[in-house]
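Dear colleague,

I am handing over the structure below, together with some notes on what was found in it. Please look through it when you have time.

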Amino acid sequence: TSHTDVPCLCNTMYARIATILAILAVALVGPADAFFGGGGNSGGGGGTKLTYNGKSVEVKEGTPLKNAVSKLGYKPKYSCKKGDCGSCTVSVGGTRIKACVGKVPPAPKLKSLQEKGLELR
């Protein structure tokens, strides 16, 4: 037989290896993080950037929200301090969170939002 009659197994072998590596990556770090990074803070230090009235502060994800808002000079009303009444509710990037019991959310994935920061209202 000539060389052209023999099928090349190289491409098939590389495709199988790539598939196996992709499956391993998903199994080890999770579906989204395997290909898109993730973790919010893995892109070089810092954490979640919060902004309020032109002032911005970078806080570690999971920090108590009451500590983070106080760094920005924002003072929500506290009544029950357990999260029952909702008087301390603030909007962080459009999501309503009770400041007395809530945590700082992870940094957004979009680079434009990471640079601008999550607006506190």
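The notes below take up a hairpin, a nonpolar core and a salt bridge.

This is a predicted model, in which local features need pLDDT of at least 70 and side-chain atom pairs count only at pLDDT 80 or more, while totals for chains, interfaces and linings use all residues. Residues are numbered from 1 along each chain as its sequence is written, and side-chain values use heavy atoms, with hydrogens and water left out.

Strands β3 (residues 89-92) and β4 (residues 95-98) pair in the antiparallel sense over four bridges, where strands are DSSP runs of E with at least two residues and helices are runs of H or I with at least four, numbered from the N terminus, and pairing requires at least two DSSP bridges. Within this pair T89 stands opposite K98, and in the hairpin, with its two residues between the strands, G93 takes a positive phi near 65°.

The largest nonpolar core (buried Ala, Val, Leu, Ile, Met, Phe, Trp, Tyr and Cys residues joined through side-chain atoms within 4.5 Å; buried means under 20% relative accessible area, exposed over 50%, partly exposed in between, with a 1.4 Å probe and protein chains only) has 18 residues, of which L50, L65, V90, V92 and L120 touch the most other members. Two or more residues each come from β1 (48-52), β2 (55-59), α3 (65-71) and β3, and α3 gives the largest share, three residues. Leaving aside neighbours within four places in sequence, V90 has contacts (heavy atoms within 4.5 Å) that include L65, Y74 and L120.

The structure holds one salt bridge, that is, a side-chain nitrogen of Lys or Arg within 4 Å of a carboxyl oxygen of Asp or Glu; it joins D84 and K82, with the closest N and O atoms 3.7 Å apart, and both residues are exposed.

Best regards
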